[in-house]
Amino acid sequence: MLDTSARTIFDEDQAAYRDTVRRVVAGLDTDRHEREGIVEREAWLAAGAAGLLCPGVPEAYGGPGLDFSWNAIVDEEVAYAGSAVGWTLQSDIVADYLIAYGSEEQKRRYLPGMVSGETITAIAMTEPAAGSDLQGMKTIARADGNGWRLNGSKTYITNGQSADLVIVCARTTEEGGARGISLFLVESGDEGFTRGRNLDKIGLHGNDTSELFFSDVKLPADRLLGQENGGFIMLMSQLPQERLSIAVQCQGAAQRAFDLAVEFTKDRKAFGKTVFEFQNTRFTLADMKARLQVGWAHLDWAIARHVKGQLTAAEASAAKLWHSETQFQLCDMALQLHGGAGYMNEYPIARLWRDARVARIYGGTSEIMKELVARAI
Ligand SMILES: Cc1cc2nc3c(=O)[nH]c(=O)nc-3n(C[C@H](O)[C@H](O)[C@H](O)COP(=O)(O)OP(=O)(O)OC[C@H]3O[C@@H](n4cnc5c(N)ncnc54)[C@H](O)[C@@H]3O)c2cc1C
């Protein structure tokens, strides 16, 4: 179990909430998700019924209207359990776009279902030729009567197979650059919206990732989210929370890797003693333990700062950079201490190690995080 006894940012209500989260997460059939490459709808509904989805949604739209520290509890527990379920994307990213930029009607239409788990969501920025460099996106929405016609494609989209609603970033002026990007709400039944296959990844097999195609999708005017041509500013405003969310998950998973390594090495024997007794093992674990201690202190600082609205984009980028790199190093160290068992999928460290790799890439690569931090120096 994730030990939170030394942490001070959570109160008693949140401790009780964490128990609920643990109970729901323990009910996840992670092996099934891993096999099938997707999370069944019932798991989303169970999460919604227990209050795990979108804690930030205001009461007027069916949520409890809580701050990000509640999201963090879910993020930590899901990551510690080694699940790849895409709830955090819905709660930490998509919901906030609707809360911040949605019209009254859009909030009423989408948010209650996102809280209950009836509506699964995704956000589609990346394209085959535009990832780090989002300004190069080609998907375009042209004004058409009162509404829009959307054409283009997206790739690597988390929850892409299951999503009922996708926030799609598209160009709304012919010339390139940051200014002419807008956000659109595309629903699963919209004519011309299709999905490619569930992409074959090296890790994160427990959730779905897809290409999405838009062929002359007719969107009414009220599917524009926020200001026309204001998309890039909206993305830049929301990315810090996305990056903090990833940092939280990285820390939770890194802690699990450490705990698994301790358990395994205390049990495994070689040369007449436990693997834990070798000095190399104890020093490796001590190094991991020290980094985790620093990591939790840093994370709690970042969460508290974000809740107060003070976490800067550069600080969130630094957090994502450090926690994702640290997670990968710690998972690798933990796997090494497992020996051959660590390479076997039946041991949970194998999945943690595979799943860790992507955190240095998605939500902005480590190189882009360094660029963002450096720009603020
Ligand atoms: C499993 C998974 C899930 C994802 N989920 C989503 C999602 O839900 N929605 C979504 O929109 N996207 C999603 N992505 C996409 C992800 O955010 C991008 O893959 C990521 O931002 C990198 O973009 P890219 O793949 O185009 O790489 P590229 O931008 O082509 O990068 C290639 C290399 O060049 C480096 N590079 C690029 N620019 C610079 C620079 N200026 N300086 C130095 N180095 C640079 C990169 O760091 C990298 O090493 C997901 C990706 C994966 C793998």
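A backbone N or O atom of Met125 sits 2.8 Å from an oxygen atom of the ligand, and that's a handy place to start with this predicted model. Thr126 joins in through its side chain, with a polar atom 2.7 Å from a nitrogen atom of the ligand. Gly131 uses its backbone instead: an N or O atom there lies 3.5 Å from an oxygen atom of the ligand. On its own the ligand has 970 Å² of accessible area, and the protein covers 64% of that.

**Around the ligand**

- The ligand is surrounded by 19 residues.
- Thr126, which makes the 2.7 Å side-chain approach, is also listed with the closest residues, alongside Ser132, Tyr156, Thr365 and Glu367.
- Sorted by class, the shell comes out as 10 nonpolar, seven polar and two charged residues.
- Three elements give two or more residues each to the shell: strand E1 (121-124), strand E3 (147-158) and helix H11 (366-375).
- E3 provides the largest share of the shell, with three residues.

**Helix H6**

- H6 covers residues 104-116, so to speak a run of 13 residues, and spans 19 Å from its first C-alpha to its last.
- That reach is close to the 18 Å expected at 1.5 Å a residue.
- There's a bend of about 30° in H6 at Tyr110, and Pro112 is the proline that follows within four residues.
- Tyr110, where the bend is, belongs to the buried residues of H6.
- The others on that buried list are Gln106, Lys107, Leu111, Gly113, Met114 and Val115.

**Arg375**

- Arg375 is part of helix H11, an element that also gives two or more residues to the shell around the ligand.
- Is Arg375 buried or exposed? Arg375 counts as exposed because its relative accessible area is 63%, and the cut-off for exposed is over 50%.
- If you're after a long-range distance, the C-alpha atoms of Arg375 and Leu45 are 42 Å apart, with their positions 330 residues apart along the chain.

**Gly203**

- You'll find Gly203 in the loop that runs between strand E6 (193-198) and strand E7 (209-219).
- Why does Gly203 count as buried? Its relative accessibility is 8%, and buried means under 20%.
- Gly203 and Gly226 are 23 residues apart along the chain, and their C-alpha atoms are separated by 34 Å.

How values were computed
Residues are numbered from 1 along each chain as its sequence is written. This is a predicted model: local features need pLDDT of at least 70, side-chain atom pairs count only at pLDDT 80 or more; totals for chains, interfaces and linings use all residues. Side-chain values use heavy atoms; hydrogens and water are left out. A residue is near a molecule or strand if one of its heavy atoms lies within 4 Å of it. A polar contact is a pair of N or O atoms within 3.5 Å; within protein, one must be able to donate a hydrogen and the other to accept it, and residues adjacent in sequence count only if both atoms are side-chain atoms. Accessible areas come from the Shrake-Rupley method with a 1.4 Å probe; for residues, only the protein chains shown count as cover. Ala, Val, Leu, Ile, Met, Phe, Trp, Tyr, Cys and Pro count as nonpolar, Asp, Glu, Lys and Arg as charged, and the others, Gly among them, as polar. The expected span of a helix is 1.5 Å times one less than its number of residues. The bend at a residue is the angle between axes fitted to the seven residues ending there and the seven starting there. Buried means under 20% relative accessible area, exposed over 50%, partly exposed in between (1.4 Å probe, protein chains only).
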